[in-house]
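Student: Let's work through this one by questions and answers. Put it up on the screen and I'll start asking.

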Amino acid sequence: MAAVSPKKIVLVGPMHPYRGGIAHFLETMYWGLQERGHAVSAVTFTRQYPKMLFPGKTQFVRANPARLIPADRIIDSINPVTWYKAARHISESKPDVVIFKYWMPFFAPAFGTIARRSARAGARVILVVDNAIPHERHLGDTQLGRFMLRAAHGCIVMSEAVSRDVEALNEHVPRRLVAHPLYDMFGDTMQVGDARKLLGLPLGNPVLLFFGFVRKYKGLHVLLDAMPRIVMSLPNARLVVAGEWYDNEETYRNQVIRNRLQEYVRFDAVYIPNEEVARYFSAADVVVQPYVSATQSGVAQVAFNFDKPLIITDVGGLAEVVRHEQDGLVVPPNNPQALADAVVQFFRKNMGIRFKEGVRMRKKEFGWSKLFEAVESLV
């Protein structure tokens, strides 16, 4: 595409000290757009979620990143006074573009208000949309989503599923579909033996990884129902569940006991800090995402960064990422038997080596430059 003249851009959303994939995404956008010659600033939260609405233990990371973004902490998600304060702060800097990372209706009132006031001051509003309609529905979600989407001059989506949802809420907004870029900020791949030693896992055993916070829509309960069939065929198999509980922990632990899986399933039930992510993916043979609903998943992009094949369910945009029998396996959702059969097939047919090569070829499509070009085309 033709070169775009440098623009003054404000990014809005969670950034350090807030944790998680959305913060990682925005921080990578900040540095990437800056490297392309744009003048980039950032506005983030003073309070992202009220404590009573946040299911995890903490919203914050302890350590500072290697490069700290000088984001202005202004927005309190439940205090409208701060929304107007943030909008005024943004407008005073006279940006050409304001980019919001939008992923759930809870933030629509704050972001939608800031977006509209920024547009009135002359800025172009672009949304990077993870979920136009949430996985877990609540009353008013559609109306809030429509309020947010109708404040945008353009949207970037990272799956066909999200594109369809955006169209349903605002059929007139221009959209750009790009592949979700790789998360490449977690360090280099480790030797399997070194990673397993750090985690206390045996070197020769088949290791499955379920990574990320645990919520119902992610389908861990389906995988736990598949595990008895898996260990009948692969008695040395081990499942590592690495991530914080955002759902009822007792339900899953009881499921493990009920299925007699205590020696086969390990829960590392904490938020995995950046510096430890590499050891989990490096130690695994395959990453399993048994989602019962989805639009897309950043976990797949972390797995691909570490050259790990995936076994996923055919929901939302997941099957747009993984090519069946080329860089992973795709199975029907909510089907423990099909999931178990895929895992057993993966190990018995030694598919890991071939799929790893497929991942290495596939990951070339997931660079950040396409995302930045999509931003510039909407500008």
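Tutor: A scale to start with: buried means under 20% relative accessible area, exposed means over 50%, and partly exposed covers what lies in between. Also keep in mind that this is a predicted model.

Student: Okay, then let me use that scale. Is E365 buried, partly exposed or exposed?

Tutor: E365 has a relative accessible area of 34%. The buried class needs under 20% and the exposed class over 50%. So by its area of 34%, E365 is partly exposed.

Student: And which residue forms a salt bridge with E365?

Tutor: The closest N and O atoms of that pair are 2.6 Å apart. The cut-off for a salt bridge is 4 Å. The other residue is buried, with a relative accessible area of 9%, and the partner of E365 is R362.

Student: How many salt bridges does a search of the whole structure find?

Tutor: One of them joins the side chains of D285 and R196, at 3.0 Å from N to O. That pair ties distant parts of the chain together: D285 sits in the loop between α9 (274–283) and β11 (286–289), and R196 in helix α6 (residues 192–199). Over the whole structure, the search comes to 14.

Student: Staying with D285 and R196, how many residues apart are they?

Tutor: The two ends sit in unlike settings: D285 is partly exposed at 28% relative accessibility, whereas R196 is buried, with an area of 1%. Along the chain, D285 and R196 are separated by 89 residues.

Student: Now to helix α13. Why are R360 and E357 separated by about one helical turn?

Tutor: An α-helix has 3.6 residues a turn, so residues three or four places apart point the same way. R360 and E357 both belong to helix α13 (residues 352–362), so what sets their separation of about one turn is their spacing, three residues.

Student: What is the N to O distance where the side chains of R360 and E357 meet?

Tutor: Both residues are partly exposed, R360 with a relative accessible area of 35% and E357 at 43%. Their side chains meet in a salt bridge, and its N to O distance is 2.6 Å.

Student: Which residues are linked with E357 and R360 in a network of salt bridges?

Tutor: The R360 and E357 bridge belongs to a wider set of linked charges. Besides those two, the network takes in D307 and K363.

Student: Which helices each supply at least two residues of the positive patch?

Tutor: The patch lies on the surface, where K85, R88, R117 and R120 gather. Take R117 as an example: it is partly exposed at 36% and has its place in helix α3. The two helices that supply the patch are α2 (80–92) and α3 (108–120).

Student: What about V292: how far is it in space from V222, C-alpha to C-alpha?

Tutor: V292 is in the loop between β11 and α10 (298–305), and at 24% relative accessibility it counts as partly exposed. Leaving out residues up to four places away in sequence, V292 touches several others, among them K216, Y217, V222, V315 and P333. Although V292 and V222 are 70 residues apart in sequence, their C-alpha atoms are separated by 8.5 Å.

Student: Which strands do the buried residues of α14 pack against?

Tutor: Helix α14 (residues 369–378) has the buried residues L371, F372, A374, V375, E376 and L378. They pack against helix α1 (21–35), and the strands they meet are β4 (97–102), β5 (124–129), β6 (154–157) and β7 (175–177).

Student: Let me check the backbone too. Which residues does the cis peptide bond join?

Tutor: Omega for that bond is about 15°. The proline involved lies in the loop between β1 (8–12) and α1. The bond joins H16 and P17.

Student: Last one: what is phi of N350 near?

Tutor: N350 is in the loop between α12 (336–348) and α13, and is exposed, with a relative accessible area of 52%. Its phi is a positive value in a residue other than glycine, near 50°.

Note on methods: Residues numbered from 1 in each chain as written. Predicted model: local features only at pLDDT ≥ 70, side-chain atom pairs only at ≥ 80, totals over all residues. Heavy atoms only, no water. Patch = residues over 30% accessible without salt bridge, like charges linked within 9 Å, V, L, I, M, F, W, Y side chains within 5 Å. Areas by Shrake-Rupley, 256 points an atom, 1.4 Å probe, with all protein chains shown as cover. Lys, Arg positive; Asp, Glu negative; His and termini not counted. Charge placed at Lys NZ, Arg CZ, Asp CG, Glu CD. Helix = DSSP H or I, 4+ residues; strand = E, 2+ residues; numbered from the N terminus. Buried < 20%, exposed > 50% of the residue type's maximum accessible area, 1.4 Å probe, protein only. Contact = heavy atoms within 4.5 Å.
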